[in-house]
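Me: I'm new to reading protein structures, and I'd love to go through one step by step. Could you help me with some questions about this one?

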Amino acid sequence: MTEARLRTFVALADAGSVRAAAERLVVTESAVSAAVTALAREVGVALVERAGRGVRLTPAGTVYAGYARQVLGLLEQGRAAARGEDDPGRGRLRLAAVTTAADQVLPDLLAAFRARRPEVDLALEVGPSRRIWARLAEHEADLVLGGRPPAGVAATVLATRANDLVVVAAPELAFDLHTTPWVLREPGSGTRATAEAYLAEHDAAPPRLVLGSNGAVIAGAAAGLGAALVSRDAVRAELGAGRLVVIEAPGTPMRRPWHAVAGPAPTATTRLFVDHLLAAPGWRAPR
């Protein structure tokens with residue numbers, strides 16, 4: 001059971017077809033099929049099955065794909081840990097961040113860290129909360145910047161930073177909690193889940209407009225499409241320019257600190273970046 005076969009199988013699971021997996025891996029389709037067939041023989045059960053002119057994962061294959069991702073993540077994490085332990089300043093750091101943190105919190109931090117530690121092999125993935133926390137659970141990220149870690153994810157909080165969620169709208173919009181439309185993020189966003197929980201808590205069921213990104217939500221609110229629950233960090237420019245105003249909605253602002261979160265055994269290079277965080281304004285070690 002080689003690492004290459006596992007990577008081929010995960011590529012097939014992620015891409016959804018043999019052709020797409022082959023293109024992603026830059027190999028032939030026959031090489032993908034052969035690797036998955038050999039892996040299924042080693043596991044002892046069928047991992048894929050015919051579906052029309054293509055293939056799909058069997059129920060057993062779907063379960064196995066989750067374990068395969070964790071195994072591959074652990075292998076990569078182990079390599080990163082070994083390189084980082086030998087020389088943290090030359091190690092690898094795989095960062096993952098929710099969109100707002102990536103847009104508003106990380107740029108200056110990353111620029112300063114890169115200037116001080118140019119030989120660190122740095123990678124950043126940005127996405128909604130659900131995907132980002134999955135990366136940590138599957139050992140595909142060394143450090144996550146986001147909200148509070150969800151239950152069931154083995155996590156170590158290494159640093160925190162204050163973050164307020166506020167309700168904003170265009171200055172000319174007459175706000176009513178129960179009737180004013182709300183502009184929301186896509187499913188899987190932590191801010192989307194918080195907004196829906198907030199409305200439910202206040203027995204409010206206003207019209208909803210779902211937009212595909214944090215930037216689209218902010219732009220939509222500024223254009224008068226409705227109110228939005230966002231991080232104050234994300235709208236400082238719009239508030240300063242008067243394109244948005246903070247609404248005095250009940251129960252707001254909501255305190256939702258940023259967290260820098262690693263797995264149970266952070267690598268030496270991860271701790272190097274956390275030390276950099278803790279030296280930056282606003283960040284502190286967890287109490």
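Me: In which sense do strands S1 and S2 pair, parallel or antiparallel?
Reply: Happy to help! This is a predicted model, where local features need pLDDT of at least 70, side-chain atom pairs count only at pLDDT 80 or more, and totals for chains, interfaces and linings use all residues. Residues are numbered from 1 along each chain as its sequence is written, and side-chain values use heavy atoms, with hydrogens and water left out. Strands (E, at least two residues) and helices (H or I, at least four) are DSSP runs numbered from the N terminus, and two strands pair if DSSP finds at least two bridges between them. S1 (residues 48–51) and S2 (residues 54–57) have four bridges, and their sense is antiparallel.

Me: Which residue in S2 is the bridge partner of Glu-49, and which residue in the hairpin takes a positive phi?
Reply: Across the hairpin, the bridge partner of Glu-49 is Arg-56 in S2. Two residues lie between the strands, and the one with a positive phi, near 65 degrees, is Gly-52.

Me: In what order do the six strands of the open sheet run?
Reply: The pairing in this open sheet is mixed. Its edge strands, each pairing on one side only, are S4 (121–127) and S14. Reading across, the order is S4-S3-S5-S13-S6-S14.

Me: Which residue in S5 stands opposite Leu-95?
Reply: Start with the strands: S3 (residues 92–98) and S5 (residues 143–146) pair in the parallel sense over three bridges. Opposite Leu-95 in this pairing stands Leu-143.

Me: Which residues stand opposite Thr-156 in S13 and Arg-161 in S14?
Reply: S6 (residues 156–161) pairs with S13 in the antiparallel sense over five bridges. S6 also pairs with S14 (residues 283–284), again antiparallel, over two bridges. Opposite Thr-156 is Ala-262, and opposite Arg-161 is Trp-283.

Me: At what angle do H1 and H4 pack, and what is the hand of their crossing?
Reply: Two packed helices are described by the angle between their axes and the distance between the axes. Axes are lines fitted to C-alpha atoms, for helices over the stretch in contact, and angles run from 0 to 180 degrees between N-to-C directions. Angles under 35 degrees count as roughly parallel, over 145 as roughly antiparallel, 65 to 115 as roughly perpendicular and the rest as oblique, and H1 and H4 are therefore oblique to each other. With axes 9 Å apart, H1 (residues 3–15) and H4 (residues 59–86) pack at about 125 degrees, and the crossing is left-handed (the near helix is turned anticlockwise from the far one by less than a right angle; clockwise would be right-handed).

Me: What is the hand of the crossing of H5 and H10?
Reply: The axes of H5 and H10 (residues 268–278) come within 11 Å and cross at roughly 120 degrees. That makes H5 oblique to H10. The hand of this crossing is right-handed.

Me: Which element gives the largest share of the lining of the largest pocket?
Reply: On a 1 Å grid over the protein atoms alone, a pocket is an open set of points with protein on both sides within 12 Å along at least five of seven lines, a cavity is a set where a 1.4 Å probe fits but cannot get out, and lining residues have an atom within 4 Å of a point. The largest pocket has a volume of about 450 Å³, counted as the space filled by probe spheres set on the points, which are joined across faces, edges and corners. Its lining has 24 residues, with Gly-147, Arg-148, Gly-190, Thr-191 and Thr-194 nearest the centre. The largest share, three residues, comes from H7.

Me: Which element gives the most to the lining of the largest cavity?
Reply: The count comes to one cavity of 30 Å³ or more, and the largest cavity holds about 30 Å³ of space. Its lining includes Val-183, Leu-184, Thr-191 and Ala-195. S8 (182–184) and H7 are the elements that give two or more residues. The one giving the most, with three residues, is H7.

Me: Which residue does a cis peptide bond join to Thr-252?
Reply: Look in the loop between S11 (245–247) and S12 (254–255). Omega there is about 0 degrees, and the residue joined to Thr-252 is Pro-253.
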